[in-house]
Amino acid sequence: MPSSVINHYSYQEDKKILRIVYQSGAVYDYLDVSQKIFDEFQSAFSKGIFLNKVIKPKFKCRKISD
C-alpha cells in the first residue's frame with residue numbers, strides 16, 4: 001500500500017472507527033465508517049484519493065495526535 005499521503009491505517013469493526021496515520025505522523029480517527037465503506041477503501045487503487053473524495057467529506061473525525 002505505498003501512498004504519498006497514508007502511512008498506515010486500521011479499522012475497529014465493533015466501533016466503526018477508521019484510523020489513519022498520515023505520512024506526516026498525524027493520526028486521525030474517522031467515525032461511523034461502515035464495513036462496506038472500509039472494504040471499498042481497502043480495495044481502492046488510490047487510498048489517498050478515496051480518503052479525500054469519500055471519507056473526509058462524509059465522516060466526522062477526531063485528531064488523535066500530531
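Start in helix α1, residues 35-43, and select Lys36 and Glu40: they sit four residues apart there, so about one helical turn separates them. Show the side chains and you'll find a salt bridge, with the closest N and O atoms 2.7 Å apart. Keep in mind that this is a predicted model. Now switch on a surface. Lys36 is exposed, at 55% relative accessible area, while Glu40 is partly exposed, at 31%.

Next stop: the strands. Select Arg19 and Asp29, whose side chains meet in a salt bridge with an N to O distance of 2.6 Å. Arg19 belongs to strand β2 (residues 17-22) and Asp29 to strand β3 (residues 27-31), so this pair ties together parts 10 residues apart in sequence. Check the surface again here. Is Asp29 buried or exposed? Asp29 is buried, with a relative accessible area of 2%. Arg19, on the other hand, is partly exposed, at 29%.

Stay on Asp29 and add Arg62 to the selection. These two also form a salt bridge, and their closest N and O atoms are 3.5 Å apart. Here the link runs between distant parts of the chain: Asp29 in β3 and Arg62 in strand β4 (residues 61-65), 33 residues apart. Arg62 counts as partly exposed, at 40% relative accessibility. Put Arg19, Asp29 and Arg62 on screen together and you have a network of salt bridges. With the helix pair from the opening stop, the count comes to three salt bridges.

Now hide the charged side chains and go for the nonpolar core. Which residues of the largest nonpolar core touch the most other members? Select Leu18, Ile20, Tyr30, Phe41, Leu51 and Ile55, out of 18 residues in that core. Colour by element of secondary structure to see where the core comes from: β1 (6-12), β2, α1 and α2 (47-58) each supply at least two residues. Of these, α2 gives the most, with four residues.

For the last stop, centre on Phe41 and bring up its surroundings, skipping neighbours within four places in sequence. What is Phe41 in contact with? Going along the chain, pick out Ile6 and Tyr9, then Leu18 and Ile20, then Lys47, Phe50, Leu51 and Ile55, and you have its contacts. Several names should look familiar: Leu18, Ile20, Leu51 and Ile55 are, like Phe41 itself, among the core residues that touch the most other members. Leave Phe41 and its contacts displayed, and you can turn the view from there at leisure.

Key:
Residues numbered from 1 in each chain as written. Predicted model: local features only at pLDDT ≥ 70, side-chain atom pairs only at ≥ 80, totals over all residues. Heavy atoms only, no water. Salt bridge = Lys/Arg side-chain N within 4 Å of Asp/Glu carboxyl O. Buried < 20%, exposed > 50% of the residue type's maximum accessible area, 1.4 Å probe, protein only. Core = buried A, V, L, I, M, F, W, Y, C linked by side-chain atoms within 4.5 Å. Contact = heavy atoms within 4.5 Å.
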